Amino acid sequence: MGVSALLVMGMCGCVAPSSQISTQTKAAVDRSNSEVRSLREVDPQLLRYHQTGLIDTGFETPHSIALAPDNTLYVAGDNAIRAFDADGRQQAETTLSGAPYCVAADETGAIYVGLRDHVEVYEADGQMRSRWASLGENAYLTSIAVDGENVWVADAGNRAVVRYNLAGEVVTTLTGRDGSADSVGFIVPSPHFDVAMTAGGMLIVTNPGRRRVELRAGDGKLQSFWGEASQTIEGCCGGCNPTDIALLPDGRVVTSEKGLPRVKIYSAEGSLECVGAAPDDFSARARGLDLAVAEDGRIMVLDPPARAVRIFAPKGQSGPEGR
Amino acid sequence: MSDAPEKTSRREFLSAAVRASGLIAASGLLGSLVSRGAAQEYVWQIDPDKCTQCGKCATTCVLNPSAVKCVHEYAQCGYCELCFGYFIDQREDDTEAAENQRCPTNAIHRSFLEDPYYQYVIDEAKCIGCGICVKGCRMYGNASLILQIRHDRCLNCNQCAIAEVCPSNAIVRVPADKPYMLRMKGNDH
């Protein structure tokens with residue numbers, strides 16, 4: 001009797017004898033495990049990056065990373081923000097009133113930190129510059145992008161991207177809905193929702209419940225989108241991916257996924273170019289692989305279970321010691 | 001005053017005997033209740049954070065089918081259109097056909113709520129506690145599906161057969177007045 005027979009018995013409401021449950025359950029578990037193992041394998045021809053460094057964040061629960069224009073790497077975790085230099089040495093730590101879930105830094109040296117429901121702005125020396133108003137009890141901030149005039153905050157709890165001016169006033173809230181009856185906007189089944197700015201001032205937003213990446217104008221109008229649900233390497237695996245995005249200096253898009261933890265590089269139009277990191281490059285059950293990209297094209301990936309930032313460079317290119 | 005023992009009538013003797021036996025019976029009942037109370041202070045449960053969904057819960061429990069069932073924590077669920085507790089990884093399409101389902105006994109029912117949300121309900125009568133759906137949900141989703149020992153079925157054996165073989169020591173004793181271990185620790189996924 002095969003697994004299908006067990007399924008038929010289930011459909012009929014029959015209870016299989018214990019020995020059959022034992023045999024068929026083992027077969028079903030083995031089949032499921034085997035399927036996952038095969039999906040974790042990546043074609044070596046596609047894997048064009050390799051790990052060149054590792055930074056131990058020292059956090060019990062790291063949540064987010066950001067690279068400042070001066071190459072300082074900020075890591076948000078536990079109840080603090082830590083700054084690391086180009087060699088991976090910790091330079092500073094700013095203690096916060098709560099757990100930070102996202103972080104960004106701009107040319108002025110300001111550090112924007114997203115706590116669960118609000119943003120706090122700090123100077124590089126750790127002095128608080130301002131604390132912005134709460135976005136409500138449902139807010140769950142997961143990403144911040146800064147473009148010089150605006151601060152864009154992804155709020156997974158309210159399924160919206162909030163546009164602030166630099167004074168911390170809400171300019172507009174983008175829900176992704178276009179007003180039509182069948183438009184449901186951003187679908188965020190789990191607290192992974194990312195936003196980034198292109199060099200041209202366009203907004204790139206993940207729509208994980210739709211397994212796609214969207215390009216939107218500053219007013220929120222959808223310009224284009226790409227991505228498809230698929231367990232194969234070309235698509236977005238699982239029910240809610242990609243979890244994180246970042247932009248390479250040439251405009252290509254880096255994505256990370258959970259379930260099958262992998263980092264991929266797509267053209268700006270959404271065609272897969274290569275794989276930056278494969279599932280076997282990460283800890284077991286790694287998820288929340290936040291991304292940051294250096295000017296030289298190296299990709300920094302937060303690996304929360306390892307409590308570390310992994311640095312990947314194109315094969316043939318190595319990074320500075322530590323980083 | 002006479003030293004002779006007082007005579008006890010047959011009626012008095014029987015009455016005293018009945019009182020004594022009643023007292024003994026009451027004591028025994030009280031002892032039994034105390035004893036049962038002590039035995040039921042703790043029950044077996046699965047710690048979902050330790051569980052690795054190895055499949056042994058389905059095959060080792062003294063009951064058939066197992067007292068272990070998949071339990072859905074709806075507050076954790078993303079109501080995903082593509083739930084990988086429900087669907088297998090690789091399939092021809094996204095229909096609810098049997099060959100697309102991860103559950104080997106068709107114990108998960110999927111129903112449309114509103115675009116693009118779906119609800120997933122466990123039919124415990126069909127669930128055998130194999131944990132295949134739990135593994136899929138934990139891997140790709142919010143881990144809202146968990147395995148739990150259902151106490152309307154569990155015999156609360158002195159030594160749980162599953163606990164003896166569990167590779168991750170996930171079967172633990174918990175207070176009987178709090179017999180379930182839900183995740184609900186925040187949206188860490």
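**Entry 1. Sheets of chain A**

In what order do the 4 strands of the open sheet that includes β14 of chain A lie, and is their pairing parallel or antiparallel? I looked this up in a predicted model. The order is β14-β15-β16-β17 in chain A, and the pairing is antiparallel. I noted β14 (195-197) and β17 (222-226) of chain A as the edge strands, each of which pairs on one side only. From one strand to the next, the twist averages 25 degrees.

I then examined one pairing inside this sheet. Strand β15 (residues 203-207) and strand β16 (residues 212-216) of chain A are antiparallel and share 5 bridges. Within that pair, V205(A) has E214(A) in β16(A) as its bridge partner.

I turned next to a further open sheet of chain A, in which 4 strands follow the order β18-β19-β20-β21 with antiparallel pairing. Why is one side of β18 and of β21 left without a neighbour in the sheet? Both β18 (244-247) and β21 (272-277) of chain A stand at the edges with a single partner strand each, so one side of each has no neighbour there. The twist in this sheet averages 25 degrees from one strand to the next. I recorded 4 bridges between β18(A) and strand β19 (residues 253-257) of chain A, which pair in the antiparallel sense. One of the residue pairs is L247(A) with V253(A), the latter in β19(A).

**Entry 2. Two hairpins**

I looked up the hairpin of β10(A) and β11(A), which has 3 residues between its strands. In its turn, G148(A) has a positive phi of about 100 degrees. Strand β10 (residues 141-146) of chain A has 5 of its 6 residues buried, and I therefore entered this strand as mostly covered. β10(A) runs antiparallel to strand β11 (residues 150-155) of chain A, and 5 bridges join them. The bridge partner of I144(A) in β11(A) is V153(A).

In chain B, I found β3(B) and β4(B) forming a hairpin with 2 residues between them. Strand β3 (residues 108-114) and strand β4 (residues 117-122) of chain B run antiparallel and are joined by 6 bridges. E114(B) has Y117(B) as its bridge partner in β4(B).

**Entry 3. Nonpolar cores**

Which residues touch the most other members of the largest nonpolar core? Among its 38 residues, these are I46(B), C70(B) and I171(B). I listed the elements that each supply at least two residues of this core: α2 (18-40) of chain A, and from chain B β1 (42-46), β2 (68-72), β4, α3 (132-140), β5 (145-149) and α4 (161-165). The element that gives the most is α3(B), with 5 residues.

I checked the burial of that helix separately. α3(B) is mostly covered, with 8 of its 9 residues buried. The buried residues include I132(B), C133(B), V134(B) and M139(B), and also R138(B) and Y140(B).

For I171(B), I set aside residues up to four places away in sequence; the residues it touches include W44(B), I46(B), I149(B), C160(B) and I162(B). Apart from this core lies another, of 16 residues, among them Y49(A), C274(A), A286(A) and L291(A).

**Entry 4. Cysteines**

How many disulfides does a search of the whole structure find? The search returned 0 over all chains. Why is C77(B) without a bond to its closest cysteine sulfur? That sulfur, in C80(B), is 6.2 Å from the sulfur of C77(B), which is too far for a bond. For C80(B), the nearest cysteine sulfur belongs to C240(A), 4.8 Å away, and C80(B) is in no disulfide. This distance lies outside the 2.5 Å cut-off for a disulfide. C77(B) counts as buried because its relative accessibility is 14%, and C80(B) is buried with a relative accessible area of 13%.

**Entry 5. Q91 of chain A**

Is Q91(A) buried or exposed? I read a relative accessibility of 53%, so Q91(A) counts as exposed. Q91(A) lies in strand β5 (residues 90-95) of chain A. Leaving aside neighbours within four places in sequence, Q91(A) is in contact with A83(A), F84(A) and D85(A). The side chains of Q91(A) and D85(A) are joined by a polar contact of 2.9 Å. I also noted L73(A), which is 18 residues from Q91(A) in sequence and 9.8 Å from it in space, C-alpha to C-alpha.

Definitions and conventions
Residues numbered from 1 in each chain as written. Chains lettered and ligands numbered in written order. Predicted model: local features only at pLDDT ≥ 70, side-chain atom pairs only at ≥ 80, totals over all residues. Heavy atoms only, no water. Pairing = 2+ DSSP bridges. Axes fitted to C-alpha atoms, helices over the stretch in contact; angles between N-to-C directions. Buried < 20%, exposed > 50% of the residue type's maximum accessible area, 1.4 Å probe, protein only. Core = buried A, V, L, I, M, F, W, Y, C linked by side-chain atoms within 4.5 Å. Contact = heavy atoms within 4.5 Å. Polar contact = N/O pair within 3.5 Å; in protein donor to acceptor, adjacent residues only side chain to side chain.
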